[in-house]
Amino acid sequence: MKYFVWGTLAMACLVAALLFLRHWRNTRDRLFLFFAAGFGLMSLQWTASSLAGTDEQNHSYLLLLRLLAFISIIVAVIDKNRRDRRP
């Protein structure tokens, strides 16, 4: 059952990444590009977790992908806030 849920999460993250990529293509705002990269990495992490078939304790190396995804989202928010303050 958990592999089905992980597959569903991978699909949902991929859909979100594609939506952010479409918004980036329309607006050329880097925020959407960073968010698309973050959700793409999360989709890759969920896909790799479900295909590897490992438990939560044994796939810590795959959690690095999730960490990179969250770092990408944090960088996007910081970058957007800094760009708005510039004259």
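**Helix α2 and its contacts**

The residues of α2 that are buried are L31, F35, A36, G38, M42, S43, Q45, W46 and S49. The model is a predicted one, and this helix is a convenient place from which to read it. Helix α2 runs over residues 30-52. Its 23 residues should span 33 Å at 1.5 Å a residue, and the separation of its end C-alpha atoms, 33 Å, agrees with that. Just after α2, G53 adopts a positive phi of about 70 degrees.

Several of the buried residues of α2 belong to the largest nonpolar core. In soluble globular proteins, nonpolar side chains tend to be buried together. Here the largest such core comprises ten residues, namely W6, A10, C13, L31, F35, M42, W46, A69, I73 and A76. Three helices, α1 (2-27), α2 (30-52) and α3 (63-85), each contribute at least two residues to this core. Helix α2 provides the largest share, with four residues. A10, a member of the core, is in contact with S43, W46 and T47 once its neighbours within four places in sequence are left aside.

The aromatic residues give a second view of how the helices meet. A pair of aromatic rings is described by the distance of the centres and the angle of the planes. The structure holds five aromatic pairs. In one of them, the ring centres of W6 and W46 are 6.1 Å apart and the planes stand at 40 degrees, so the pair is tilted. Because W6 lies in helix α1 and W46 in helix α2, this pair ties together parts that are 40 residues apart in sequence. Both W6 and W46 are buried.

Another pair, formed by F20 and F32, is stacked, with 6.2 Å from centre to centre and 25 degrees between the planes. F20 lies in helix α1 and F32 in helix α2, so this pair ties together parts that are twelve residues apart in sequence. Whereas W6 and W46 are buried, F20 counts as partly exposed at 22% relative accessibility, and F32 is likewise partly exposed, with a relative accessible area of 21%. F20 and F32 also join F35 and F39 in one aromatic cluster. Of these, F35 is a residue of the nonpolar core as well.

Attention may now turn to the charged residues around the start of α2. D29 is located in the loop between α1 and α2. With a relative accessible area of 14%, D29 is buried, since the cut-off for that class is under 20%. Its side chain is joined to that of R83 by a polar contact of 2.9 Å. Apart from neighbours within four places in sequence, D29 is in contact with W24, K80 and R83. W24 also has a charged partner: the charged end of R28 sits over its ring, 4.6 Å from the ring centre.

R30 is placed in helix α2. At 38% relative accessibility, R30 counts as partly exposed. The side chains of R30 and D79 make a polar contact of 3.0 Å. Setting aside neighbours within four places in sequence, R30 is in contact with W24, D79 and R83. W24 and R83 are thus named among the contacts of D29 and also among those of R30. Along the chain, R30 and A76 are 46 residues apart, yet a distance of 7.3 Å separates their C-alpha atoms. A76 is itself one of the residues of the nonpolar core.

How values were computed
Residues numbered from 1 in each chain as written. Predicted model: local features only at pLDDT ≥ 70, side-chain atom pairs only at ≥ 80, totals over all residues. Heavy atoms only, no water. Core = buried A, V, L, I, M, F, W, Y, C linked by side-chain atoms within 4.5 Å. Buried < 20%, exposed > 50% of the residue type's maximum accessible area, 1.4 Å probe, protein only. Contact = heavy atoms within 4.5 Å. Phe/Tyr/Trp six-rings, centres within 6.5 Å; stacked < 30°, edge-to-face > 60°. Lys NZ or Arg CZ within 6 Å of the ring centre and 35° of its normal. Polar contact = N/O pair within 3.5 Å; in protein donor to acceptor, adjacent residues only side chain to side chain. Expected span 1.5 Å × (residues − 1).
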